[in-house]
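Please work through the exercises below with the sequence and the coordinates open beside you. Each task is followed by a solution that goes step by step.

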Amino acid sequence: MDDQTFLLLYGVLAGVLFASFRKAVYDRKVANVPIVGFSGFIASCWDGLRFIHQAPELIQRGYELYPEGIFRVARLFRWEYVVCGPKLIKDVAGAPEHVVSFAEGAEENVQMKFTMGREIVENHYHMDLVRTTLTRNLHKCFPDVRDEIICAFDDVLELEGSEWKSYPVLPTMMTIVARVSNRLFVGLPLCRDKAYLANNVAYAVDVIRSANKITLLPPFLRPQNDFISWMLNIVDEDQKAVLPLTLRILSVNMVLFTQALFDLTTYPEYLLPMREEAERVVAEEGWSKAALNSMVKIDSFLRESQRINTSGLLEMTRKVIAKEGFRFSDGTVLPYGSYVAVAARPTHYDESKYENATKFDGFRFAQERTEHQANHESNDVFKRQMISTAVDHLSFGTGKHACPGRFFAATELKAMMAHLVLNYDVKPEVEGIRPADIVFGQNFFPNPTGRVRFRKRQ
Ligand code: HEM
């Protein structure tokens, strides 16, 4: 959808706003949950609009008022119930699907039917594929992943001698992640086909943009995206089933890697220790998926980057679908039809959970693992890895719907980071300046125009 059409459709929104908001007013009578922001009818409509650009402030205010409770803020067409604190987050994480639905929550959040195609919403084959086949085969597929990382960095960066070259990080990393992920799913030669990759990348950007815009439209005005149909036309029958999955991987992994690269150039002191670690591990164990487990500093750096740059202000969105509503362990009952999510980003920035929580401390988790090991707290050693989920680290969610793709994501991204620090020098485009995130509603995106300089390692 182009911007003009979007503006036109958005005009219609004003007409339906009043009627739609009635439902929210009705909900307010049912749910005994404090409101953060205005409670009057017109004023709360204003809050719904404010959410688009000031959600972080609204949610942070609620978190500070109710750090172990539930509050709600007005969205354009509904209330957002926000859950804080480990006890209530566990309630959401463990709630049965027929009471509190993950699928309905994801549909509202990512507008999946419109942005990713019905396939990924309705076909549970993908979930099984990620949980079983993909994760189990990571060891076996690792040589392919590694081969594609080497070729993709070479081809995309095109570096010679000792020259420094500047690159727009997001599109550059998107192309590399697209190639590496597609090597697994559609294989050679399609994973290197320029037109196919360009559409992958355009699609990943479009999913994010469209999902944001679509949530601002009333349901009957929501359009269908056509990137997926284009790609479905050019891939083989057996590749069709995994395509939506590949595209999903692309949009999440490239965001994480772009943020990690901005962090690496903002805090250059982490490059050498990670390079030394990768060199030592590769010398001792060679290149394998198992060797990545020994790269504790790289793992910690990526986990910290995820903590600080969590793309979701809120995560684990669910819809209450049981007629009798959903009762939390503190007795709060959310009515049928409510949308609930957990305050992920405020949790990650909570001083009571992380020392110097607002500071980027790339090796904080490596340090904790070393301390736990020294104290023989063997189980805790694993709790601070990139793949570990926790009520205070919510980037992959936690509980029964915790991201099953995180094992793949961690393998791909750790292998990419190890390759990068071993083979390249990097520095920021402008010394001391980290390109600012773009914030839209509840989402934080890495700056799409931010640049970084690369040269071959000297
Ligand atoms: C850095 C990368 C990634 C991040 C940050 C991420 C994050 C998430 C989050 C927050 C959820 C929802 C958890 C919840 O609501 O409880 C989720 C679910 C999911 N993710 Fe990921 N993800 C990533 C990579 C991947 C990859 C690479 C795949 C596929 C290979 C994948 C497949 C899935 C699937 C299938 C679900 C739904 C799980 C279910 O229905 O129970 N994700 N992910």
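Helices (H or I, at least four residues) and strands (E, at least two) are DSSP runs, numbered from the N terminus. The model is predicted, and local features need pLDDT of at least 70, side-chain atom pairs count only at pLDDT 80 or more, while totals for chains, interfaces and linings use all residues. Residues are numbered from 1 along each chain as its sequence is written, and side-chain values use heavy atoms, with hydrogens and water left out.

**Exercise 1. The iron atom**

Find which protein atom is the donor to the iron atom of the ligand, and place its residue in the chain.

Step 1. Donors are N, O and S atoms within 2.8 Å of the metal (3.2 Å for Na, K and Ca), and since water is not among the atoms, sites may look incomplete. Under this rule the iron atom has a single donor from the protein, the SG atom of Cys403, at 2.2 Å.

Step 2. Cys403 sits in the loop between α19 (378-383) and α20 (406-423), and with a relative accessible area of 26% Cys403 is partly exposed. Here buried means under 20% relative accessible area, exposed over 50%, and partly exposed in between (1.4 Å probe, protein chains only).

Step 3. For comparison with the record, an unreviewed UniProt entry places the feature "binding site" at Cys403; UniProt positions are given in the numbering used here, feature names are shortened, and annotations may be inferred rather than shown by experiment.

**Exercise 2. The shell around the ligand**

Describe the shell around the ligand: how many residues surround the ligand, and which are the closest?

Step 1. A residue is near the ligand if one of its heavy atoms lies within 4 Å of it. There are 23 residues around the ligand, and the closest are Phe102, Arg131, Arg318, His401 and Cys403.

Step 2. Sorted by class, the shell holds 13 nonpolar, 6 polar and 4 charged residues, where Ala, Val, Leu, Ile, Met, Phe, Trp, Tyr, Cys and Pro count as nonpolar, Asp, Glu, Lys and Arg as charged, and the others, Gly among them, as polar.

Step 3. At least two shell residues come from each of α7 (125-136), α13 (243-266), β5 (315-320) and α20, and α13 gives the most, with 5 residues.

Step 4. Turning to polar atoms, a side-chain atom of this kind in Arg318 lies 2.7 Å from an oxygen atom of the ligand, and one in His401 lies 2.6 Å from an oxygen atom of the ligand.

Step 5. Arg318 belongs to strand β5 and is buried, with a relative accessible area of 3%. Although Arg318 and Phe102 are 216 residues apart along the chain, their C-alpha atoms are separated by 4.9 Å.

**Exercise 3. Cysteines without a partner**

Establish how many disulfides the whole structure contains, and then examine Cys191.

Step 1. A disulfide is a covalent bond between the sulfur atoms of two cysteines. The criterion used is a pair of cysteine sulfur atoms within 2.5 Å, and a search of the whole structure finds 0 disulfides.

Step 2. Cys191 is accordingly in no disulfide, and the nearest cysteine sulfur, that of Cys151, is 9.0 Å away. Cys191 is buried, with a relative accessible area of 0%.

**Exercise 4. Unusual backbone positions**

Locate the cis peptide bond that precedes Pro189, and then the positive phi angles at Glu158, Asn356 and His376.

Step 1. The cis peptide bond joins Leu188 and Pro189, with omega about 0 degrees, and Pro189 is in the loop between α9 (169-185) and α10 (194-214).

Step 2. Glu158 is not a glycine, yet has a positive phi of about 45 degrees; this residue lies in the loop between α8 (138-157) and β4 (165-168) and is exposed, with a relative accessible area of 53%.

Step 3. Asn356, also a residue other than glycine, has a positive phi near 45 degrees. Its place is the loop between α17 (344-348) and α18 (364-374), and at 45% relative accessibility Asn356 counts as partly exposed.

Step 4. Just after α18, His376 takes a positive phi of about 60 degrees, while within α18 the buried residues are Arg364, Phe365, Ala366, Arg369 and His372.

Methods
A polar contact is a pair of N or O atoms within 3.5 Å; within protein, one must be able to donate a hydrogen and the other to accept it, and residues adjacent in sequence count only if both atoms are side-chain atoms.
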